[in-house]
Amino acid sequence: GRLGHVLVNWGYYQFHLDEIAQVWLGGISGVGAAWGGVLALLLLAWLTRTRLSVLADRMLPLLAVLSAAGWLGCWWEGCAYGLPADGAWWGLPARDEWGQVRARFPLQFVGALLGLAIPWLVEAALSSRYPRGAPPGWLGALSLLGLALGWLGLSFLRGDPTLLWFSLRPETWGALGLVGISAAILFLIR
């Protein structure tokens, strides 16, 4: 997650190399953490000689909990907040990086719910289709696809400032990449 943040903000960190490892200063990318998780899963599968598809299915509960915890942590710290929702009944108070509290689209709350609900819904759908158990890898790949699509949609509802690449947020590009990776995995294991 930190590496993703550093890469996105390399214009700053190239002149402040000593701050790269100082995670307590802030700056962790959720999508970058997901990419790091995918790479760590590949490395773990190789080191343990375990099939990647089996390992991905086993690690899914960790992905769900970390996703939800990350979004709730952002709500607590005032990062990754939603667009203003002044006067809207569904707006929730959210603090921004300057400490101002304002009614906003409940982005962090929705992200936390999606982080917990998508893997559960995928597992429920697969267990109804495959009563004896889904083929290895389907649970992990479909859940990653669902989460990446959720992150992609939420990236368009973010209100926190960031640099744009070709008119899109870095989180949008990262989520698009995860959609592509999970779709490729599904194609390979089908």
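A salt bridge is a side-chain nitrogen of Lys or Arg sitting within 4 Å of a carboxyl oxygen of Asp or Glu. D96 and R104 make one of these pairs, with their closest N and O atoms 3.9 Å apart. That distance falls inside the 4 Å limit, so the pair counts. Both partners, D96 and R104, are buried. The structure is a predicted model, and six salt bridges turn up in it.

First, the overall build. The protein is put together from seven helices and two strands. Reading from the N terminus, the elements go α-α-α-α-β-β-α-α-α, which puts the two strands between a run of four helices and a run of three. The radius of gyration comes out at 18 Å, close to the 16 Å that the globule rule gives for 190 residues, so the protein is as compact as a globular protein of that length. Its C-alpha atoms fill a box of roughly 50 × 45 × 30 Å along the principal axes.

How much of the chain is buried? Buried residues make up 37% of the 190 residues. As for contacts, 54% of those with a separation of 6 or more are between residues 24 or more positions apart. The accessible surface adds up to about 11300 Å², and carbon and sulfur atoms account for 71% of that area. On the charge side, there are 12 positive and 10 negative side chains, and the centres of these two sets are 15 Å apart.

Back to the salt bridges, where R158 is worth a look. R158 pairs up with D160, with 2.5 Å from N to O, and both of these residues are buried. R158 also forms a salt bridge with E171, where the closest N and O atoms are 3.7 Å apart. This second pair ties together distant parts of the chain: E171 belongs to helix α7 (residues 170-189), while R158 is in the loop between α6 (138-155) and α7, 13 residues away in sequence. E171 is buried, just like R158. Through shared partners, R158, D160, R169 and E171 are joined into one salt-bridge network.

Not every buried charge gets a partner, though. D57, found in helix α4 (residues 52-77), is buried yet has no salt bridge. The nearest side chain of opposite charge is R58, and it is 8.2 Å away. A salt bridge needs a nitrogen and an oxygen within 4 Å of each other. What does D57 touch, once neighbours within four places in sequence are set aside? Its contacts are with P135, P136, G137, W138, L139 and G140.

Next comes the stretch around the first strand. A94 is in strand β1 (residues 92-95). With a relative accessible area of 3%, A94 is below the 20% cut-off, so it counts as buried. Apart from neighbours within four places in sequence, A94 is in contact with W75, Q100, V101, R102, R104 and Q108. R104 in that list is the partner of D96 in the salt bridge described at the start. V65, by contrast, is 29 residues from A94 in sequence and 22 Å from it in space, C-alpha to C-alpha.

W90 is in the loop between α4 and β1. Is W90 buried, exposed or partly exposed? Its relative accessibility is 36%, so W90 counts as partly exposed. Again leaving out neighbours within four places in sequence, W90 is in contact with A85, R104, F105 and P106. R104 therefore shows up in the contacts of W90 as well as in those of A94. D18 is 72 residues from W90 along the chain, and the C-alpha atoms of the two are separated by 42 Å.

Finally, two residues have a backbone angle worth pointing out. R49 has a positive phi of about 55° although it is not a glycine. R49 is in the loop between α3 (30-48) and α4, and at 66% relative accessibility it counts as exposed. F166 has a positive phi too, at about 50°, and it is not a glycine either. F166 is found in the loop between α6 and α7, and its relative accessibility of 78% puts it in the exposed class. That loop also holds R158, which bridges to E171 in α7.

Terms used
Residues numbered from 1 in each chain as written. Predicted model: local features only at pLDDT ≥ 70, side-chain atom pairs only at ≥ 80, totals over all residues. Heavy atoms only, no water. Buried < 20%, exposed > 50% of the residue type's maximum accessible area, 1.4 Å probe, protein only. Rg over C-alpha atoms; globule rule 2.2 N^0.38 Å. Contact = heavy atoms within 4.5 Å. Areas by Shrake-Rupley, 256 points an atom, 1.4 Å probe, with all protein chains shown as cover. Lys, Arg positive; Asp, Glu negative; His and termini not counted. Charge placed at Lys NZ, Arg CZ, Asp CG, Glu CD.
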